[in-house]
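User: Please work through the structure shown below with me. I shall put questions one at a time and would ask for the reasoning behind each reply.

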Amino acid sequence: EVEATISNVFEAYGIEGRATFGTADILALPSHQRETLGIALNVQRRIDALGRSNDCRTCWLQRKHCICSQCPPCETLPKINRVFVLIHHKEVGMVVDTAKLLLSTFPTKSRLVVSGIG
């Protein structure tokens with residue numbers, strides 16, 4: 001989900017793939033657009049770092065410490081329609097962030113919302 005949001009932000013600013021945006025180009029944008037683009041670039045770097053380290057993209061832990069198999073879905077709980085997990089953009093990719101485990105617990109009913117983008 002986060003990758004799709006980042007792609008949408010990049011498309012809005014005409015950035016192809018994982019290309020970088022020059023400092024002069026960013027400074028030419030209005031402040032709210034500068035913030036959105038800067039956060040999207042930062043979150044993309046964090047997600048890319050997970051891939052380079054071969055860390056789990058779900059729980060963000062090292063593969064040898066991955067807990068995804070120990071967090072089975074719990075979709076049968078009544079009266080839970082949607083769960084929105086709001087995290088600060090600096091929390092993306094951080095091992096100590098446990099809120100992301102809710103996404104594993106409710107895979108079809110939850111959505112990760114990263115503050116500052118999308």
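User: Is Trp60 buried, partly exposed or exposed?
Analyst: In this predicted model, Trp60 lies in the loop between H3 and S1. A residue counts as buried when its relative accessible area is under 20%. Trp60 has a relative accessible area of 7%, so Trp60 is buried.

User: What is the phi of Trp60?
Analyst: Trp60 is a residue other than glycine, yet its phi is positive. The value is near 65°.

User: Which residue that follows H3 has a positive phi?
Analyst: The residue in question lies in the loop between H3 and S1. It is not a glycine, and its phi is about 60°. With a relative accessible area of 48%, it is partly exposed. The residue is Asn54.

User: What distance separates the end C-alpha atoms of helix H3, and what span should its 22 residues have?
Analyst: Helix H3 covers residues 31–52. At 1.5 Å a residue, its 22 residues should span 32 Å. The distance between the end C-alpha atoms agrees with that expectation, at 31 Å.

User: Which residues of H3 are buried?
Analyst: The cut-off for a buried residue is a relative accessible area under 20%. An α-helix has 3.6 residues a turn, so residues three or four places apart point the same way. The buried residues of H3 are Leu37, Ile39, Ala40, Leu41, Val43, Gln44, Ile47, Asp48 and Leu50.

User: Which element gives the most residues to the largest nonpolar core, and how many?
Analyst: In soluble globular proteins, nonpolar side chains tend to be buried together. The largest nonpolar core here has 23 residues, and Leu37, Val43 and Val114 touch the most other members. The elements that give two or more residues to this core are helix H1 (2–12), H3, strand S1 (83–87) and strand S2 (110–114). The most comes from H3, with 7 residues.

User: With which residues is Val43 in contact, leaving aside its neighbours within four places in sequence?
Analyst: Val43 is one of the buried residues of H3. Val43 is also one of the residues that touch the most other members of the largest nonpolar core. Leaving aside neighbours within four places in sequence, its contacts are Val2, Ile6, His89, Val92 and Val114.

User: Which residue forms a salt bridge with Arg57?
Analyst: Side chains of opposite charge can pair when their charged atoms come close. The closest N and O atoms of the pair are 2.9 Å apart, within the 4 Å cut-off for a salt bridge. The count for the structure comes to 1 salt bridge. The partner of Arg57 is Glu3.

User: How many residues apart in sequence are the parts that the pair of Arg57 and Glu3 ties together?
Analyst: Arg57 is partly exposed at a relative accessible area of 39%, and Glu3 is partly exposed at 32%. Arg57 lies in the loop between H3 and S1, whereas Glu3 lies in helix H1, so the pair ties together parts of the chain that are apart in sequence. The separation is 54 residues.

User: How many disulfides does the structure hold?
Analyst: A disulfide requires two cysteine sulfur atoms within 2.5 Å. The cysteine sulfur nearest to that of Cys71 belongs to Cys68 and is 6.7 Å away. For Cys74, which is partly exposed at 27% relative accessibility, the nearest cysteine sulfur is that of Cys71, 11 Å away. The structure holds 0 disulfides.

User: With which residues is Leu102 in contact, leaving aside its neighbours within four places in sequence?
Analyst: The place of Leu102 is in helix H4 (residues 101–105). Its relative accessible area is 38%, so Leu102 is partly exposed. Leaving aside neighbours within four places in sequence, Leu102 is in contact with Val85 and Ser110.

User: In what order do the elements of the chain run from the N terminus?
Analyst: The secondary structure of the chain comes to 4 helices and 2 strands. From the N terminus on, the order is α-α-α-β-α-β.

User: What percentage of contacts between residues at least 6 apart in sequence join residues at least 24 apart?
Analyst: The C-alpha trace of the chain spans about 50 × 35 × 20 Å along its principal axes. Of the 118 residues in the chain, 32% are buried. Among contacts between residues at least 6 apart in sequence, the share that joins residues at least 24 apart is 68%.

Notes: Residues are numbered from 1 along each chain as its sequence is written. This is a predicted model: local features need pLDDT of at least 70, side-chain atom pairs count only at pLDDT 80 or more; totals for chains, interfaces and linings use all residues. Side-chain values use heavy atoms; hydrogens and water are left out. The expected span of a helix is 1.5 Å times one less than its number of residues. Buried means under 20% relative accessible area, exposed over 50%, partly exposed in between (1.4 Å probe, protein chains only). A nonpolar core is a set of buried Ala, Val, Leu, Ile, Met, Phe, Trp, Tyr and Cys residues joined through side-chain atoms within 4.5 Å. Contact means heavy atoms within 4.5 Å. A salt bridge is a side-chain nitrogen of Lys or Arg within 4 Å of a carboxyl oxygen of Asp or Glu.
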